[in-house]
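Me: Can you take a look at this one with me? I want to go through how its parts fit together.

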Amino acid sequence: MHPRFHTAYSELSATLQSALRPYFDAPGFPAMLTAEQLETIKQYSGLSDDALAFALLPLAAACSLTPISHFHVGAIARGVSGNLYFGANMEFSNAPLQQTVHAEQCAITHAWLRGEIGLTAITVNYTPCGHCRQFMNELKSGTRLQILLPERAPATLGDYLPDAFGPKDLDISERLMSPVEHGFQLASDDTLVKAALAAANHSHAPYSKAHSGVALEAEDGTLYAGRYAENAAFNPSLPPLQAALILMNISGGNCQKIHRAVLVEAKNATLSQWDATRSTLATLGCQNVSRVTF
Ligand SMILES: O=c1ccn([C@H]2C[C@H](O)[C@@H](CO)O2)c(=O)[nH]1
Ligand SMILES: [Zn+2]
């Protein structure tokens, strides 16, 4: 088991520890549980879907990177497939606070990058901030998304975000996580460029059309690619670097050990991820960054 889970795991009931052990002990545990695995865990532990998601929250929170706040937020997204995806907040020392990833953004992006095409619910250990409520309003589920919080009755995003502003106010019909293939092409044999291009082809940028993707190569050669996710209110948008860092961190990789990074983005677009990508990567100790445009 990844050492980050040790403390939270030891605090679970003995029954739940035995039910979860085969998954957490598997090499390269992806910080997600499939619908099929969840059935087995529920039968063994006697927990309901929601009770199990709550019980898993401390394990999700154990994935947080919080050098600034030391405040551990955990979130668990339930995909339309029935799978659960862990998420945690991620802060970056020496970078502006705007580069922070919230636990809810982490869980949602994690689900999206593993191929999920929508969510039914999100369970969080603290009430979601306004920025996260707005981020969630970009999903196709809209204000129907279930929000599950400790010691609160189940509610919907609409309950937490009344009179919501969203994509339809800007006449945008695309929604975050809905499958897309933009079809951009590049002639390159570099696997990192190809991975970043594939990410850009699945990115959600209906407002600026400045589609982009980032691919990171870890020291052990593992690749992690992230897609840009825009938001109708602009500021809650998630940059492609953050999406790639989410996948790297949640998969158990070390964001301070990035060997090489590539940003692929649209040429002559109204905005660019280049400066932010390069400067945030520099704070993580990675200078080997290149930009390729299509
Ligand atoms: O909805 C919220 C509110 C805050 N945080 C994180 C961001 C930052 O890392 C820390 C303090 O705000 O908590 C979340 O992850 N989700
Ligand atoms: Zn938030």
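Reply: What follows is a short run through the domains and the interface between them. Keep in mind that this is a predicted model.

Me: ok, what domains does the assignment give for the protein chain?

Reply: The assignment gives domain 1 as 28–170 and domain 2 as 191–293.

Me: and how far apart are their C-alpha centres?

Reply: The C-alpha centres of domain 1 and domain 2 are 21 Å apart.

Me: how many residues are in contact, on each side?

Reply: On the domain 1 side 29 residues are in contact, with 28 residues of domain 2.

Me: how much area do the two domains bury between them?

Reply: About 2300 Å², with 67% of that on carbon and sulfur atoms.

Me: which three residues supply the most of domain 1's share?

Reply: Trp-112, Leu-113 and Glu-138 do; they account for 27% of the area domain 1 buries against domain 2, more than any other three residues.

Me: switching to polar stuff. What's the salt bridge count between the domains?

Reply: The count is 0 salt bridges between domain 1 and domain 2. Polar contact is another matter: 10 residue pairs across the interface meet that rule, both residues at pLDDT 80 or more.

Me: which elements of domain 1 give two or more residues to that side?

Reply: Strand E3 (84–88), helix H5 (103–113) and helix H6 (130–136). H5 gives the most, with 6 residues.

Me: last one, how do the residues on that side of domain 1 divide by type?

Reply: The domain 1 side that touches domain 2 has 17 nonpolar, 10 polar and 2 charged residues.

Technical notes:
Residues numbered from 1 in each chain as written. Chains lettered and ligands numbered in written order. Predicted model: local features only at pLDDT ≥ 70, side-chain atom pairs only at ≥ 80, totals over all residues. Heavy atoms only, no water. Domains from an automatic or database assignment. Contact = heavy atoms within 4.5 Å. Buried area = accessible area lost by both parts, 1.4 Å probe. Salt bridge = Lys/Arg side-chain N within 4 Å of Asp/Glu carboxyl O. Polar contact = N/O pair within 3.5 Å; in protein donor to acceptor, adjacent residues only side chain to side chain. Helix = DSSP H or I, 4+ residues; strand = E, 2+ residues; numbered from the N terminus. Nonpolar A, V, L, I, M, F, W, Y, C, P; charged D, E, K, R; others polar.
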